[in-house]
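Here are some friendly notes to read with the structure open beside you. Take the points one by one, and find each residue as you go.

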Amino acid sequence: GSSVPAYGSAAPAYGQPTQPAQPAQPIYGQPTYGPTDYAQSAQTPYYQEPTQPQYTQSAYNQPPTYAQQTYYQATQQQPGYGYAQKSKIVAGLLHWRLHLLLTMYVGYAVFYFTRKSFNFAMPDMLASGMLDKSDIGMLWTLFYITYGCSKFFSGIISDRANPRYFMGIGLMATGVINILFGLSSALWMFAALWVANAFFQGWGWPPCSKLLTSWYSRTERGFWWSAWNTAHNVGGALIPLIVSTIALQHGWRYGMIVPGLIAILAGLFLCWRLRDTPAAMGLPTVGVWRNDAMELAQQTQDVGLDPRQILRKYVLGNPYIWLLACCYVLVYVVRTAINDWGNLYMTEQRGFNLMSANSAISMFEVGGFIGALVAGWGSDKLFNGNRGPMNLIFAVGILLAVGSLWLMPFFSY
């Protein structure tokens with residue numbers, strides 16, 4: 001018959017009157033911990049867990065919501081009250097983690113449909129005299145410069161935008177642009193549309209990055225991030241086969257239009273099924289739920305900082321970010337050379353037909369699929385969330401693989 005104690009107070013022993021709650025005195029933005037009273041828990045008909053961290057401020061510097069307070073009270077295992085409430089909240093977290101991962105996976109794979117459609121329609125466009133190689137090089141240069149700038153600024157904006165609409169609208173826009181590209185014939189129109197496509201392609205990565213860091217904690221994020229990252233390998237492996245099949249049967253224009261239609265449908269699906277962060281849905285943060293010390297420390301690092309301070313401190317002034325960026329540029333040199341020019345090299349220099357050349361490029365993505373999973377699992381399990389050693393191991397692997405391609409020329413499929 002006793003009432004449930006206020007948020008922040010200790011759980012009373014079963015059958016004992018509730019004592020007046022003592023207000024916590026936490027450091028701003030830090031969790032407070034209370035001792036576990038095993039004498040009390042022995043009298044309680046439910047297992048009483050150690051007291052969970054209780055945040056006076058959420059990761060987004062907002063007061064705890066009612067659902068978050070309910071979760072904290074539920075972890076005190078109040079007789080007849082807490083277990084059902086906690087189970088409901090945990091079930092919600094598990095449901096949305098898997099649901100959002102699958103939705104993002106589909107969405108980002110389709111982003112690759114509209115990003116790489118031109119790659120695999122390119123040989124047919126060259127054969128028809130629509131473009132020459134210098135035109136193609138110019139289009140790709142414009143694309144990657146615009147895409148890089150878009151990812152940077154979209155990342156800043158998407159932190160304060162709803163991911164479901166930011167990512168969904170961006171994908172639909174790329175679909176419309178691909179359709180218009182397939183209906184065009186002038187070089188200046190190709191250039192304008194492909195720059196616009198690059199701009200909206202930059203809307204795909206930042207929302208996914210935001211959701212992955214919000215729903216998965218530091219000690220598990222490597223595996224889940226790498227699992228999601230295989231989406232671009234799946235998209236990159238499917239689109240060569242789709243475009244080459246359509247282009248051989250109906251011409252390169254339909255090879256651009258069909259991926260565009262798929263992207264519009266997928267964008268509507270994202271707007272319907274994606275959601276925002278746990279805090280925006282009234283759920284506890286993933287660090288609190290998993291009691292992940294590394295995540296809890298990270299959640300409080302940017303409390304009280306405005307976007308400019310965060311940009312200066314954690315991006316522009318971070319030497320590790322610059323080192324990683326330089327390494328990624330070198331990786332993209334290899335990746336772009338194979339993805340963007342590999343099929344053209346095989347059709348012109350090695351005499352492959354379009355289907356065989358594009359299917360060979362798909363194998364590049366199959367290897368990337370396996371490598372992404374191994375890298376994520378290894379960084380979590382072998383190096384306890386430290387990503388640096390796996391980056392070094394895989395960089396050596398790239399060096400050996402590229403050296404083999406150069407030193408051992410191939411002549412057969």
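1. Let's begin with the salt bridges. A search through the whole of this predicted model turns up 4 of them. The points below walk through some of these pairs.

2. Start at Arg97, which pairs with Glu220 in a salt bridge whose closest N and O atoms are 2.8 Å apart. This pair links distant parts of the chain: Arg97 sits in helix α3 (residues 82–127) and Glu220 in helix α8 (residues 218–250), with their positions 123 residues apart. Are these two partners buried or exposed? Both Arg97 and Glu220 are buried.

3. Now look for Lys116 and its partner Asp340. They form a salt bridge too, and here the closest N and O atoms are 3.1 Å apart. Asp340 belongs to helix α13 and Lys116 to helix α3, so this salt bridge ties together parts of the chain that lie 224 residues apart in sequence. Once again both ends are hidden from the surface in the sense used here: Asp340 is buried, and Lys116 is buried as well.

4. Go back to Glu220, because this residue also meets the side chain of Arg290 in a salt bridge, at 3.4 Å from N to O. Arg290 lies in helix α10 (residues 286–290) while Glu220 lies in helix α8, so the contact ties together parts 70 residues apart in sequence.

5. Why does Arg290 count as partly exposed? Its relative accessibility is 35%, and the partly exposed class runs between the 20% and 50% cut-offs. Glu220 has a relative accessible area of 10%, and this residue counts as buried because the value is under 20%.

6. You can now put two of these pairs together. Arg97, Glu220 and Arg290 are joined into one network by salt bridges that share partners. Try tracing it on screen: Arg97 bridges to Glu220, and Arg290 bridges to Glu220.

7. Finally, turn to the surface. Which residues make the nonpolar patch? They are Phe152, Phe153, Ile156, Ile157, Leu316, Ile321 and Trp322, and together they form a patch of about 680 Å².

8. It helps to see which helices the patch draws on. Helices α4 (133–158) and α13 (319–349) each supply at least two of its residues. The most comes from α4, which gives 4 residues; Phe153, for example, has its place in that helix. You have met α13 already, as the helix that holds Asp340.

How values were computed:
Residues are numbered from 1 along each chain as its sequence is written. This is a predicted model: local features need pLDDT of at least 70, side-chain atom pairs count only at pLDDT 80 or more; totals for chains, interfaces and linings use all residues. Side-chain values use heavy atoms; hydrogens and water are left out. Patches are made of residues with over 30% relative accessible area and no salt bridge: like charges are joined within 9 Å, nonpolar side chains (Val, Leu, Ile, Met, Phe, Trp, Tyr) within 5 Å. Accessible areas come from the Shrake-Rupley method with a 1.4 Å probe; for residues, only the protein chains shown count as cover. Buried means under 20% relative accessible area, exposed over 50%, partly exposed in between (1.4 Å probe, protein chains only).
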